[in-house]
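Biologist: I would like to go through the labels on this model one by one. Please give the reasoning behind each.

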Amino acid sequence: MIKCPCCLSDLKVTHQDRYETLDEHVNDETPSLKDGYQCSNEKCTAYEYNGVWIEDGEFWIKEPPAGTSYEDAEKAIERGSLTGRTHAINSWQDGWERYREEQKKRTVSFNLFWFFVQFVPLYQKIEGIHEWRRTGKWRRTIMRRVEGRYVHFMTFWDIYFSELREYRQNYHGALSMREECVEIIQSMANNLNFWGKKPEKGFLRRKIARYVVCWIIYRDRTKIIMSIKNTNNEP
Ligand SMILES: [Zn+2]
């Protein structure tokens, strides 16, 4: 049951109306007919200012009292709210905002030389209730300052695992003589660029990652694949 954010009374359906959700607004849909919930506690601020909620917790002013603007009515309810917010307690919106707030609080970010590093804890919605729980996983972002702005930065391990994946996706095909797979593995082993022409310059981390994958982990396979076509196959 969704509850009034000002007095925690159960909200009751009093009417139906075409309240437009953010989704409907973004997708340019005609708002569907929805149940309008209101507080029935006559001493409550939300009652006084005619606040309305829909099932997922989103908030509207039905019609402010005479002499009061929509904005003032909304502010009054916000001030009277126990959470400082206007959405209904116990709703999807309420759970989502609490989760986002907690996530923000637990996010760790810091600057390290010319890097900006951030760890964001990941959450998962609990089935059946409006709550999110931590998954124990984190999303890591590293940004590097280049000429006054931040760009995404891949660590050695990011590159290493992406090269490893590329190798694993192609060596079966290469060993069964599929030309495009042979080309990909040979380019990796020779550290050639995307077009397979020249050695890549500048990407030292990638060069090392490719060397480890091709010539340390999968050395035997690479040797066979390199002998398939006699191009510039020197490691
Ligand atoms: Zn109330």
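**Helix packing, cores and two loop residues**

Modeller: This is a predicted model. Helix 5 (residues 156-175) packs with helix 6 (residues 179-189) at an angle of about 135 degrees, and their axes are 8 Å apart.

Biologist: Why is helix 5 called oblique to helix 6?

Modeller: Roughly antiparallel needs an angle over 145 degrees, and roughly perpendicular covers 65 to 115. The angle here is about 135 degrees. That value falls in neither range, so helix 5 is oblique to helix 6. The crossing of the two helices is left-handed.

Biologist: Which residues make the contact?

Modeller: Helix 5 contributes Glu163, Glu166, Tyr167, Asn170, Tyr171, Gly173 and Ala174. From helix 6 come Cys181, Val182, Ile184, Ile185 and Met188.

Biologist: How do you know the classes of residue in the contact of helix 5 with helix 6?

Modeller: Each residue is sorted by type: Glu counts as charged, Gly as polar, and Tyr, Ala, Cys, Val, Ile and Met as nonpolar. The contact has eight nonpolar, two polar and two charged residues. Glu163 and Glu166 are in the contact, and Glu counts as charged.

Biologist: What makes up the largest nonpolar core?

Modeller: It has 19 residues. Leu11, Tyr37, Ala46 and Trp53 have the most contacts inside it. Strand 3 (51-53), strand 4 (59-61) and helix 3 (70-80) each supply at least two of the core residues. Helix 3 gives the largest share, three residues.

Biologist: What does Leu11 touch, not counting residues up to four places away in sequence?

Modeller: Leu11 touches Ile2, Lys3, Cys4, Tyr37, Gln38, Cys39, Trp53 and Ala88. Another core, of 14 residues, lies apart from the largest one. Among its residues are Tyr171, Ile185, Met188 and Ile225.

Biologist: Now the loops. What makes the phi of Asp28 worth a note?

Modeller: Phi of Asp28 is near 60 degrees, a positive value, and the residue is not glycine. Asp28 sits in the loop between helix 1 (22-26) and strand 2 (34-38).

Biologist: Why does Asp28 count as exposed?

Modeller: The cut-off for exposed is 12 or fewer C-beta neighbours within 10 Å. Asp28 has 6 inside 10 Å, so it counts as exposed.

Biologist: And why is Asn50 called partly exposed?

Modeller: Buried needs 20 or more, exposed 12 or fewer. Asn50 has 17 other C-beta atoms within 10 Å, so it is partly exposed. Asn50 lies in the loop between helix 2 (45-48) and strand 3. Its phi is near 65 degrees, a positive value in a residue other than glycine.

Note on methods: Residues numbered from 1 in each chain as written. Predicted model: local features only at pLDDT ≥ 70, side-chain atom pairs only at ≥ 80, totals over all residues. Axes fitted to C-alpha atoms, helices over the stretch in contact; angles between N-to-C directions. Helix = DSSP H or I, 4+ residues; strand = E, 2+ residues; numbered from the N terminus. Parallel < 35°, antiparallel > 145°, perpendicular 65-115°, else oblique. Left-handed = near helix turned anticlockwise from the far one by under 90°. Contact = placed C-beta atoms within 7 Å. Core = buried A, V, L, I, M, F, W, Y, C linked by C-beta atoms within 7 Å.
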